[in-house]
Amino acid sequence: TDSIFIFPDERCELGWNQHVKLIRAMYREYQPHRRMGIKCPRDLEIDLSMSNYNRFFPTTKFIVGLRHPVLWFQSFYNFRVTNEFPMPPGEKLIGRCVRANQGVCTARANFSNHLQKIEPWRKVFVYHV
């Protein structure tokens, strides 16, 4: 909408301690009448991201889209295959991720592990994708 600006690409700098780069980009795009947002699906998984949200954006609200774990796995796997990542067969991706999995594994679909990292005082809006 006209009242919100969200970067068109994923901005995952908080998980890599690259917050200066993100804050500079936000400053360049700042408009006083618009709220700003970023999208990074990995942020809830990475402790450093959550720490940086607390440090630099303590009042930020989270909007979390949840997909059924099997559909999430299927979509992510197909995304990797379509983009020509070397992928093992799906049955080899059950359990924890290893480097050869390209970040695709069933353990990452246990969303409750990631949601519990959000502080109880932070506003969170969860919706089904």
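Here are a few friendly notes on a predicted model, to help you find your way around it.

1. Start with the inside. The largest nonpolar core has 13 residues, and Leu44, Phe57 and Phe62 are those with the most contacts inside it. Helix H1 (19-29), helix H2 (47-56) and strand E3 (62-66) are the elements that each give two or more residues to this core. Of these, H1 supplies the largest share, with 3 residues. As general background, nonpolar side chains in soluble globular proteins tend to be buried together.

2. Leu44 is a good residue to click on next. Leaving aside residues up to four places away in sequence, Leu44 touches Met50, Phe62, Val64, His114, Leu115, Lys117 and Ile118.

3. There is also a second core, separate from the one above, with 9 residues. Phe76, Tyr77, Met87 and Val104 are among them.

4. Now for a loop. Glu91 lies between helix H3 (69-82) and helix H4 (111-115), in the loop that links them. Is Glu91 buried or exposed? Glu91 counts as exposed because its relative accessibility is 60%, and the cut-off for exposed is over 50%. From Glu91 to Thr106 the separation is 15 residues in sequence, while their C-alpha atoms are 9.8 Å apart in space.

5. Finally, look at the surface. Ile63, Phe125, Tyr127 and Val129 make a nonpolar patch of about 440 Å² there. One of these residues, Phe125, sits in strand E4 (residues 124-128). With 43% relative accessibility, Phe125 counts as partly exposed.

How values were computed: Residues are numbered from 1 along each chain as its sequence is written. This is a predicted model: local features need pLDDT of at least 70, side-chain atom pairs count only at pLDDT 80 or more; totals for chains, interfaces and linings use all residues. Side-chain values use heavy atoms; hydrogens and water are left out. A nonpolar core is a set of buried Ala, Val, Leu, Ile, Met, Phe, Trp, Tyr and Cys residues joined through side-chain atoms within 4.5 Å. Buried means under 20% relative accessible area, exposed over 50%, partly exposed in between (1.4 Å probe, protein chains only). Helices (H or I, at least four residues) and strands (E, at least two) are DSSP runs, numbered from the N terminus. Contact means heavy atoms within 4.5 Å. Patches are made of residues with over 30% relative accessible area and no salt bridge: like charges are joined within 9 Å, nonpolar side chains (Val, Leu, Ile, Met, Phe, Trp, Tyr) within 5 Å. Accessible areas come from the Shrake-Rupley method with a 1.4 Å probe; for residues, only the protein chains shown count as cover. A salt bridge is a side-chain nitrogen of Lys or Arg within 4 Å of a carboxyl oxygen of Asp or Glu.
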